[in-house]
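Student: Please take one part of this structure and go through it closely. I would like to know what surrounds it, and then how the rest of the chain connects to that picture.

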Amino acid sequence: MPEMPEVETVRRTLTPLIKGKTIEKVILWYPKIVATDHDKFVNELPGKKIIRIDRYAKYLLIRLNDNLTIVSHLRMEGKYHLTTPEAPKDKHDHVEFIFTDGTALRYNDVRKFGRMQLVLTGTERQTTGIGKLGVEPNTPEFSEQYFLSSLKRKKKNIKNVLLDQTVVAGLGNIYVDETLWQSKIHPLSLANKIPANKVEDLRKNINDTIRIATEKRGTTVHSYLDANGEVGGYQEMLQVYGHAGEACPRCGTTLEKIKVSGRGTTFCPHCQVIYK
């Protein structure tokens, strides 16, 4: 599942491919990808110019003129690729934006979980799932005091809290496992029982991991590709995710894998302390 570093990499690679282009036609091969009015999506976009692409957490915000924004959530398998209208359609291509310069942008999604919404620019927090999200890593809002006070109000396990996006947005299964291991915190620890010094360790590790993973252009362990069809590089740095049954890089204990909130979770039973 694309997490914040992957979505930011898609934003950076997609921008030079489509910025400044004017939409001529929109085709919905699988209309359910669009969560807002389908007719409005198809009829209002022709003639609109792509101004830039922004991002919040795991959402892409494709800014158009006339105060419109396409909010795109890639979910598990969503990908964009630039092609031409004449190119053969892949069976997993579901939306096509044809541009006046003869190119086309296609949205491909094997599982069909991704969603797009056409909204007025500036209303994203009122009209989309962005309104439920917490702050992003590596921002002034993600402060030591904010994180500590937020976790003190949470009686759920820390893995669940980090995955639900309401405290800190943009983390998924990969980076939660990695940052909890880095911080020596067991994933089943109750969020409100974790000592303040360990909360600060976790905050710093979240910031560092997201920054480095973004520099490495994300993590490819299953199907993630950027807008140029290229894989990420952070998978070479993973310490625990995908390494269940191997020796912990820190203490040598065999890494274990359990299910937490339905998600496969890898951790070290020796050096990750459980706080209850």
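**A cysteine and its surroundings**

Tutor: C248 has a relative accessibility of 4%, so it counts as buried. Keep in mind that the model is predicted. A cysteine raises the matter of bonding, since a disulfide is a covalent bond between the sulfur atoms of two cysteines. How many disulfides does the count give? The count is zero. C248 therefore belongs to no disulfide, and the nearest cysteine sulfur, in C268, lies 3.8 Å from its own, whereas a disulfide needs the sulfur atoms within 2.5 Å.

C268 appears again when we turn to C271. The closest cysteine sulfur to that of C271 is the one in C268, at 3.4 Å, which is too far for a bond. Is C271 buried or exposed? Its relative accessible area is 11%, under the 20% cut-off, so C271 is buried.

C271 leads us to an arginine. Leaving aside residues up to four places away in sequence, R250 touches C271, along with W181, Q182, K184 and Q272. R250 is located in the loop that runs between α7 and β9 (256-260). With a relative accessible area of 31%, R250 is partly exposed. If you follow the chain from R250 to V260, you go 10 residues along, and the C-alpha atoms of these two are separated by 23 Å.

The loop that holds R250 has α7 at one side, so that helix is next. α7 has 20 residues and spans 29 Å from first C-alpha to last, close to the expected 28 Å at 1.5 Å a residue. Its buried residues include hydrophobic-looking letters and others alike; among them are V199, L202, I206 and I210, and also K198, E200 and R203. Which helices do the buried residues of α7 pack against? They pack against α1, α4, α5 and α6. Beyond α7 comes R217, with a positive phi near 70 degrees.

Take these partners of α7 in turn, starting with α1, residues 4-18. It has 15 residues and reaches 21 Å between its end C-alpha atoms, close to the 21 Å expected at 1.5 Å a residue. Why can α1 be called largely enclosed by the rest of the structure? Because 11 of its 15 residues are buried. Among the buried residues are M4, P5, V7, V10, L14 and I18, and also E6, E8 and T13. Just after α1, the residue G20 has a positive phi of about 90 degrees.

The next partner is α4, residues 144-152, whose buried residues are F147, S150 and L151. Looking down the axis of α4, these buried residues fall within an arc of 95 degrees, so they line one face of the helix. The cover over them includes α5 (158-163) and α7 (196-215).

The loop from α5 to α6 (173-182) contains Q165. Its phi is near 75 degrees, a positive value in a residue other than glycine. At a relative accessible area of 10%, Q165 is buried.

D66 can be set beside Q165. D66 is not a glycine either, and has a positive phi of about 60 degrees. Its place is the loop between β3 (59-64) and β4 (68-73). Is D66 buried or exposed? Its relative accessibility is 55%, so it counts as exposed.

Last come the aromatic rings. The whole structure holds three aromatic pairs. One of them joins F41 and F97: the pair is tilted, with 6.1 Å between the centres and 55 degrees between the planes. This pair links distant parts of the chain, as F41 belongs to helix α2 (residues 38-44) and F97 to strand β6 (residues 93-99), 56 residues apart. F41 and F97 are both buried.

Two rings also have a charged side chain over them. K89 lies over the face of W29, 5.1 Å from the ring centre. Over the ring of Y56 sits the charged end of R125, at 4.9 Å from the centre.

Conventions
Residues numbered from 1 in each chain as written. Predicted model: local features only at pLDDT ≥ 70, side-chain atom pairs only at ≥ 80, totals over all residues. Heavy atoms only, no water. Helix = DSSP H or I, 4+ residues; strand = E, 2+ residues; numbered from the N terminus. Expected span 1.5 Å × (residues − 1). Buried < 20%, exposed > 50% of the residue type's maximum accessible area, 1.4 Å probe, protein only. Arc of directions from axis to C-beta. Contact = heavy atoms within 4.5 Å. Phe/Tyr/Trp six-rings, centres within 6.5 Å; stacked < 30°, edge-to-face > 60°. Lys NZ or Arg CZ within 6 Å of the ring centre and 35° of its normal.
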